[in-house]
4 protein chains.
Amino acid sequence: MSSVFDYSGLLNEVVQECRKHAERGQLPSYIPELKKADPQMAGVAMMTARGLFEAGDTRQNFTLQSISKVFSLLVALERRGVEVVFAKVGSEPTGDSFNSIVKLETSEQKPLNPMINAGAIAVCSLIPGASVEERFSLISGLLESILDRPIEIDEAVYLSEKETGHRNRALAYFLKDINGLEGDVEEVLDLYFRQCSILVNCADLARIGMFLAAKGINGAGTPIVSANAVRLVSTFMVTCGMYNGSGEFAIQVGIPAKSGISGGILGVVPGQYGLATYGPALDRKGNSVVGISMLRRLSDVLDFSIF
Amino acid sequence: MSSVFDYSGLLNEVVQECRKHAERGQLPSYIPELKKADPQMAGVAMMTARGLFEAGDTRQNFTLQSISKVFSLLVALERRGVEVVFAKVGSEPTGDSFNSIVKLETSEQKPLNPMINAGAIAVCSLIPGASVEERFSLISGLLESILDRPIEIDEAVYLSEKETGHRNRALAYFLKDINGLEGDVEEVLDLYFRQCSILVNCADLARIGMFLAAKGINGAGTPIVSANAVRLVSTFMVTCGMYNGSGEFAIQVGIPAKSGISGGILGVVPGQYGLATYGPALDRKGNSVVGISMLRRLSDVLDFSIF
Amino acid sequence: MSSVFDYSGLLNEVVQECRKHAERGQLPSYIPELKKADPQMAGVAMMTARGLFEAGDTRQNFTLQSISKVFSLLVALERRGVEVVFAKVGSEPTGDSFNSIVKLETSEQKPLNPMINAGAIAVCSLIPGASVEERFSLISGLLESILDRPIEIDEAVYLSEKETGHRNRALAYFLKDINGLEGDVEEVLDLYFRQCSILVNCADLARIGMFLAAKGINGAGTPIVSANAVRLVSTFMVTCGMYNGSGEFAIQVGIPAKSGISGGILGVVPGQYGLATYGPALDRKGNSVVGISMLRRLSDVLDFSIF
Amino acid sequence: MSSVFDYSGLLNEVVQECRKHAERGQLPSYIPELKKADPQMAGVAMMTARGLFEAGDTRQNFTLQSISKVFSLLVALERRGVEVVFAKVGSEPTGDSFNSIVKLETSEQKPLNPMINAGAIAVCSLIPGASVEERFSLISGLLESILDRPIEIDEAVYLSEKETGHRNRALAYFLKDINGLEGDVEEVLDLYFRQCSILVNCADLARIGMFLAAKGINGAGTPIVSANAVRLVSTFMVTCGMYNGSGEFAIQVGIPAKSGISGGILGVVPGQYGLATYGPALDRKGNSVVGISMLRRLSDVLDFSIF
């Protein structure tokens, strides 16, 4: 635990030091729109009881991508209940990559957890509503309650993923085939691609992290989701939040976190801080190279690990 | 080799004897329309130089289903050439089931062979034409040249598969994702579902078998496809024609054959006969239980095995 | 957190309530000697700063089995260092079962983590020493420092596993083939079977849990292993300690824990308690049915979850 | 079919032309003793009713390796019967490599076929005899009846494989664990390593091929094994004789064949010839690069294909 009062210096130092690691990573190739990002960008933000500290490119907008899985899971747990959710999705980590389809066929015929793509698509299918718009408003509404501002999506990214998301479409139809997806496949995919396209920046993500660190209470002190749903989601963030790099991240950083292929990482130090990093170059497991190195550095200094 | 002049007695005896094995099989559950078949039906037909011999339900129409993979492969080989075809599909048997997706992810990222669903969908994408209708006319045209009659599809089965073919849709989008499918996914699937819905009976299939036994020459003595394309297709029928039951079938019957989940089997005794069986109850690998037992019996008596 | 001063009542109640769940489990079949256990047994112990609380069959001896993986990993980390260990074993959870060999072939050709059998055997091969006896004394010595009593093994179980441990032998030779095991295969297996056969009871395990909760300091206040090694091992206990049931256990109980197929579970509430349960009937993932139900119950009441 | 009377010219031409393909292959690395072979060697032999024709390095001795699987399977089929053999081993080709262990765990828990290592080891365990020597004499005795000369093994290769055959040892213990191997594991492996070390040259192999082409009758006209056993083995040679390159070989060459990692290939043109090639450089599936190219060339000219 730390007794530092102003984290700005530390955060600046960390950005300085870690930005260079971008060269070890690559921009994702499978979503054309994401290839336009600047791989040199690096930002880190930290929301604490004493306010927001930040350094680097923390006001650069990017799309949530897989980080959105956290919010649709919260909505599904609150609206449909734990039992309904776990009937469609498991709770086990997997040694396979985030978009793998193998285990759907060889194991228990439901996605191993809600943090891999197949599981997140199954969770999306559980979000109630008469239309995609209505369902989406439950997810965007949650984020609006946390951030106290309107939510927008990046239309170009949304359309790009909708058109080229063949692998996710394959996962969705496979799920439909094994009775793992409620409702119309294309509508569920539409919802999934929309949530992936929600725009945020590091400052936003740090606030969201603090909301989770505070067990579901927003900055105004209002409880938005139940502490139990936050606990469940935080647990998944530890065991599966960084795809098949989660085990190593637990060893090296030791906090609930969720990454997205746009280069963002959302981190939570329970009861203490919200964290966010940005850096678009990814390692081969799909996690931000600069983001992970910044979080490792911070965890070494501030002793984040919950273990 | 046999010196029998009239096979009718033998065929009648075989139908009699094998019809009871239907109870060991089941109607397929994944295509709703196919569940309407009568599992007690059994038919066998044999086309020889001396004419057609038949016994049992040989005039009952059924849809080609996977047997159609033989014809789209012939068309693709003739129209696009061996190299183009084998750039998109392998030539190895697989120990996995016909609709498996696992190997697409874990092996060389192209379907192992053109007789599993993924491979057949990839082959369909290679058939040239400005529209689905134009492409389909190449496949139906081939069958019309062999059978000398117009080809029809079962509209109800076609629409049923098109609506509920989630697994095939998953395979097709997965292929698209790994650059294994030319053109528009839904159009390719449309073509695939159409060819699966072509109506034939055992007498037709036996004629088709004879056409293959004669290396691509039809009943009127006209060469329709090249001997080399027939040889390639016959080889695939031996190594992969009965899905992951092909090895056992090679041991027990020993001829090029292709089964479909509607219960038909097309067989070829090179240079000698065309064979066809019908029996809608399937074993767990997707092959007709009665059909296989009839072919085993015939192979024991007439010594079909090419090995 | 709890303000209760005497946990005896709670523990008794929990044993009473959960013992009946034994009927949902089964004794393991693959180690003949373990089939002799009484599936009705149930015990729970809790070591706190105020002393040991216990209920049920807490003085029944059983063999450590997979719980021993915790101790050989501690020894390997302390003696060989983090880098040497992670060169031979990964840090990712797996969706496969504890004795699976598949991922060794299909993934990165090293065991995914040190808590599955393949990984634990690889770790055993890293323990230094001129003979099996010398290597074993490092593991038993660690336990003696924690428990302040001599360590014994169950000779019958040791010999039974040594003779019938074909799957572990397969894993070890596979590792040798992929350069994943140092030294002589049979010697490494001998060490592995010995550590699996170490005898403990629930009271011992609770003390060991407290030692881990105290970051490596034993009951006499002596630091035995480094806090960093304890942190690493605790992290693995969370992500992979309950085999491919670890994710669900994290959701339901939320503490570092390690199970063994003899029916024991070692639990750690960091900074607070050591926990131990015993109940030989296992679920299909290899974890004690009664043990898990007792830990879930305790976590509900005492709010153990670290998430 | 060919009307050529003397094949010597053709064979010389083929060796000349194909020897250069050796550069596309590699010597196997996993059996140290085999790395000593000269990758430039190339030989081809053809046994016909009119006698033996040969070209290149046809008198160079090499070890049978996987080609020996043909003979232990013949012995097991003759001595134990079809049912006993197929209770321990399947008859399906596999898309996996020859030493893969994956399918043992994920599929029906018996080796998919007797031509992959796991299956061949299971078959070895079925060969009767009071000692390894006695069992081995059944295999060597079969070869002596065919070749009419004493059989020897390469002691250095035998000892090298026995010491370093970790992967085969892993397969054998895995089989033992799933009840797929009769008797003592190390004895079965000893028998397997001995049969792999039997010394032959191309001239021998061509004679053996003719024996199979003649349905089990040796050069002196004596029936040595039943025609049915030969048919079964020939079928396996087509569907699985070239490992996971069998499908492509069937397309390109079209005859029963079996390769070994020492660089030999045994081929059979049923009713006509025995064929043998030698060339130690292997493709990545474990088949001789030069051997396959020579057989393709011969099949193009002499139209071998049985399809």
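# Close-ups of a predicted model

**View 1. Strand β7 of chain B, with its side chains pointing two ways.** In this predicted model, Y273(B), L275(B) and T277(B) point one way from β7(B), while G274(B), A276(B) and Y278(B) point the other way. Whichever way they point, all of these residues are buried. What does that say about the strand, residues 273-278 of chain B? Six of its six residues are buried, so β7(B) is largely enclosed by the rest of the structure. "Buried" here means that 20 or more other C-beta atoms lie within 10 Å of a residue's own.

**View 2. The partners of β7(B).** Now let's look at who pairs with this strand. Strand β1 of chain B, residues 43-48, runs antiparallel to β7(B) and is joined to it by five bridges. Strand β6 of chain B, residues 264-269, also pairs with β7(B) in the antiparallel sense, over six bridges. Which residue of β7(B) is the bridge partner of V44(B)? It is T277(B). I265(B) has T277(B) as its bridge partner in β7(B) too. β6(B) and β7(B) form a hairpin, with three residues between them. In the turn you can find G271(B), which has a positive phi of about 75°.

**View 3. An open sheet in chain A.** Over in chain A, five strands line up in the order β2-β1-β7-β6-β5 to make an open sheet with antiparallel pairing. Which strands stand at the edges? They are β2 (51-56) and β5 (257-259) of chain A; each has a single partner strand, so one side of each is left without a neighbour in the sheet. On average, neighbouring strands of this sheet are turned by 10° against each other, direction ignored. To see the β5 edge up close, follow β5(A) to β6 of chain A (residues 264-269): the two pair in the antiparallel sense over three bridges. Here A257(A) stands opposite G267(A) in β6(A). Helix α13 of chain A, residues 289-302, packs on the sheet and touches β1 (43-48), β5, β6 and β7 (273-278) of chain A. The direction of α13 makes about 145° with that of β7(A).

**View 4. Where the two domains of chain A touch.** The domain assignment splits chain A into domain 1 (8-64 + 199-302) and domain 2 (68-196). How far apart do the C-alpha centres of these domains lie? The distance is 21 Å. At the place where they touch, 29 residues of domain 1 of chain A are in contact with 30 residues of domain 2 of chain A. On the domain 1 side, the elements that give two or more residues are α10 (202-213) and α11 (227-240) of chain A. The largest share of that side comes from α11(A), with seven residues. Sorted by class, the domain 1 side has 16 nonpolar, eight polar and five charged residues.

**View 5. Chain A meets chain B.** Between these chains, 13 residues of chain A are in contact with 13 residues of chain B. On the chain A side, α4 (102-106) and α8 (166-177) are the elements that give two or more residues. With eight residues, α8(A) gives the largest share of this side. By class, you'll find five nonpolar, three polar and five charged residues on the side of chain A that touches chain B. A rotation of 180° with 0.0 Å of shift along its axis superposes chain A on chain B, with an RMSD of 0.0 Å. The two copies are thus related as by a two-fold rotation axis. In chain A, the C-alpha nearest the axis belongs to A170(A), 2.0 Å from it. The same surface serves both copies, as 100% of the contact residues of chain A recur in chain B.

**View 6. Chain A and chain C.** A turn of 180° with a shift of 0.0 Å along the axis lays chain A on chain C, with an RMSD of 0.0 Å. For this axis, the nearest C-alpha in chain A is that of T94(A), at 2.3 Å. Because 100% of the interface residues of chain A are also interface residues in chain C, the copies meet through the same surface.

**View 7. Two aspartates with positive phi.** Most residues other than glycine have a negative phi. D303(C) has a positive phi of about 55° although it is not a glycine. D303(C) lies in the segment after α13 (289-302) of chain C. Is D303(C) buried or exposed? It is exposed, with 12 other C-beta atoms within 10 Å. D148(D) is not a glycine either, and has a positive phi of about 55°. You'll find D148(D) in the loop between α6 (132-147) and α7 (155-164) of chain D. D148(D) is exposed, with 11 other C-beta atoms within 10 Å.

How values were computed: Residues numbered from 1 in each chain as written. Chains lettered and ligands numbered in written order. Predicted model: local features only at pLDDT ≥ 70, side-chain atom pairs only at ≥ 80, totals over all residues. Contact = placed C-beta atoms within 7 Å. Helix = DSSP H or I, 4+ residues; strand = E, 2+ residues; numbered from the N terminus. Nonpolar A, V, L, I, M, F, W, Y, C, P; charged D, E, K, R; others polar. Domains from an automatic or database assignment. Least-squares fit on C-alpha atoms with pLDDT ≥ 70 in both. Pairing = 2+ DSSP bridges. Axes fitted to C-alpha atoms, helices over the stretch in contact; angles between N-to-C directions.
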